[in-house]
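Work through the exercises below with the sequence and coordinates open. Each task is followed by a worked solution.

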Amino acid sequence: MAKVAIVMGSTSDWPTMQNAAQMLKSFGVEFEAKVVSAHRTPNLLVEFAETAHEMGFSCIIAGAGGAAHLPGMIAAHTHLPVFGCPVKSKALNGIDSLLSIVQMPKGVAVGTLAIGEAGAANAGLLAAQVVALQDEAVRDAVIAFRKTQTETVLSNGNLELD
Ligand code: RP5
């Protein structure tokens, strides 16, 4: 089965990026998660991105905070789809991360998700949908997830005052 790579700039990103991992796990998608820093381990970044396809990854989820150039730099070194997750920064609440990731110049694409946990979870969902293009079991799991979510909302009924 195709697997998904989750990379992040620091172990401090893991509490956020775990949401992507949990989503993939819930769909039975194999993944590997590791720290690859654009500025602290630049050579590892290049090596990882250039060999990700050979390693059997179908897409890459990249999360980073602050001056978050990791997703863009990964995308520059691979043809695989890259989903960028802006991690909430201490100084600017992730606005810096979001703008760093989302404003890719034309020609190298990063699909940018929302800041923080929801974005990371949705990156996992998107990556599972990529895998689902070739994998029937994952496709069924994604469809079942969406159906259950819809039914849960519909079963809420009318809201009342406390
Ligand atoms: C970025 O710097 C990482 O992605 C992280 O969000 C941020 C802070 O890293 P640490 O100082 O916590 O290791 O590269």
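## Exercise 1: annotated positions

In the unreviewed UniProt entry, the annotation "binding site" covers Ser10, Asp13 and Arg40. These positions spread over 31 residues of sequence but cluster in space, with a largest C-alpha distance of 14.4 Å. The model is predicted.

Task: decide whether Asp13 is buried or exposed, and do the same for Arg40.

Solution.
1. Locate Asp13: it sits in the loop between strand 1 (3-8) and helix 1 (14-26).
2. Apply the cut-off: a residue is buried at 20 or more other C-beta atoms within 10 Å, and exposed at 12 or fewer.
3. Asp13 has 25 other C-beta atoms within 10 Å, so Asp13 is buried.
4. List the contacts of Asp13, leaving out residues up to four places away in sequence: Met8, Gly63, Ala64, Gly65 and Val87.
5. Locate Arg40: it belongs to the loop between strand 2 (31-35) and helix 2 (42-51).
6. Arg40 has 11 C-beta neighbours inside 10 Å and therefore counts as exposed.

## Exercise 2: strand 3 and its partners

Task: find which strands pair with strand 3, and in what sense.

Solution.
1. Strand 1 pairs with strand 3 in the parallel sense over 6 bridges. One bridge joins Ile6 to Ile61 in strand 3.
2. Strand 4 (residues 82-87) also pairs with strand 3 in the parallel sense, over 6 bridges. Here Gly65 is opposite Val87 of strand 4.
3. Strand 3, helix 3 (residues 70-76) and strand 4 form a β-α-β unit, which is right-handed.
4. Check burial: 9 of the 9 residues of strand 3 are buried, and the strand is mostly covered.
5. Take Ala62 as an example; it is found in strand 3 (residues 57-65). Ala62 has 30 other C-beta atoms within 10 Å and is therefore buried.
6. Beyond residues up to four places away in sequence, Ala62 touches Val7, Leu70, Pro71, Ile74, Val82, Gly84 and Cys85.
7. Ala62 and Gly72 are 10 residues apart along the chain, and their C-alpha atoms are separated by 8.9 Å.

## Exercise 3: helix 6

Task: compare the expected span of helix 6 with the distance between its end C-alpha atoms, and state how many of its residues are buried.

Solution.
1. Helix 6 (residues 136-154) has 19 residues.
2. The expected span is 1.5 Å times one less than the number of residues, which gives 27 Å for helix 6.
3. The end C-alpha atoms are 27 Å apart, so the two values agree.
4. Of the 19 residues of helix 6, the number buried is 1, so the helix lies largely in the open.

Terms used: Residues numbered from 1 in each chain as written. Predicted model: local features only at pLDDT ≥ 70, side-chain atom pairs only at ≥ 80, totals over all residues. UniProt positions renumbered as here; feature names shortened; annotations may be inferred. Helix = DSSP H or I, 4+ residues; strand = E, 2+ residues; numbered from the N terminus. Contact = placed C-beta atoms within 7 Å. Pairing = 2+ DSSP bridges. Right-handed = clockwise from strand over helix to strand, strands pointing away.
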